[in-house]
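Biologist: I am new to this structure and would love a close look at one part of it. Could you walk me through the salt bridges, please?

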Amino acid sequence: DPFSRKELAKGVKKFGEEAKVAIRNIRRDTVDFIKKTEKNKMISEDDSKYYQAETQKVTDKLVKEVDAMISRKEKDLVEM
């Protein structure tokens, strides 16, 4: 039934968006921790910038993977 596949595709997209929000929340918490650690003089400013950049790279990679999974699953549902 095309209607149910359409609804499933919407659900997949919603689930994917929730996953991306969760990933971004983890990034925010991680960056906050890095900044606090720098402020408390436990790491240097250079290290802080490096770790923040690495955190962003991982975040971007994971968001891209989630987008790819959403696209793949939506395509699967349409082709059924």
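Modeller: Happy to! One term helps before we start: a residue is called buried when its relative accessible area is under 20%, exposed when that area is over 50%, and partly exposed in between. Please keep in mind that this is a predicted model.

By that scale, Lys73 is partly exposed, because its relative accessible area is 40%. Its partner in a salt bridge is Asp76, and the closest N and O atoms of the pair are 4.0 Å apart. Asp76 is partly exposed too, with 39% relative accessibility. The two residues lie 3 residues apart in helix H2, so about one helical turn separates them. Elsewhere, salt bridges that share partners link Glu17, Lys20 and Asp67 in one network.

Helix H2, which spans residues 45-79, also holds Lys61 and Glu65; they are 4 residues apart, so about one helical turn lies between them. These two form a salt bridge whose closest N and O atoms are 3.2 Å apart. Here Lys61 is exposed, at 52% relative accessible area, while Glu65 is partly exposed, at 34%.

Another pair to look for is Arg28 with Asp29, a salt bridge with its closest N and O atoms 3.3 Å apart. Arg28 is partly exposed, with a relative accessible area of 44%, and Asp29 is partly exposed, at 44% relative accessibility.

In general, side chains of opposite charge can pair when their charged atoms come close. The structure holds 9 salt bridges, and those described here are among them.

Key. Residues are numbered from 1 along each chain as its sequence is written. This is a predicted model: local features need pLDDT of at least 70, side-chain atom pairs count only at pLDDT 80 or more; totals for chains, interfaces and linings use all residues. Side-chain values use heavy atoms; hydrogens and water are left out. A salt bridge is a side-chain nitrogen of Lys or Arg within 4 Å of a carboxyl oxygen of Asp or Glu. Buried means under 20% relative accessible area, exposed over 50%, partly exposed in between (1.4 Å probe, protein chains only).
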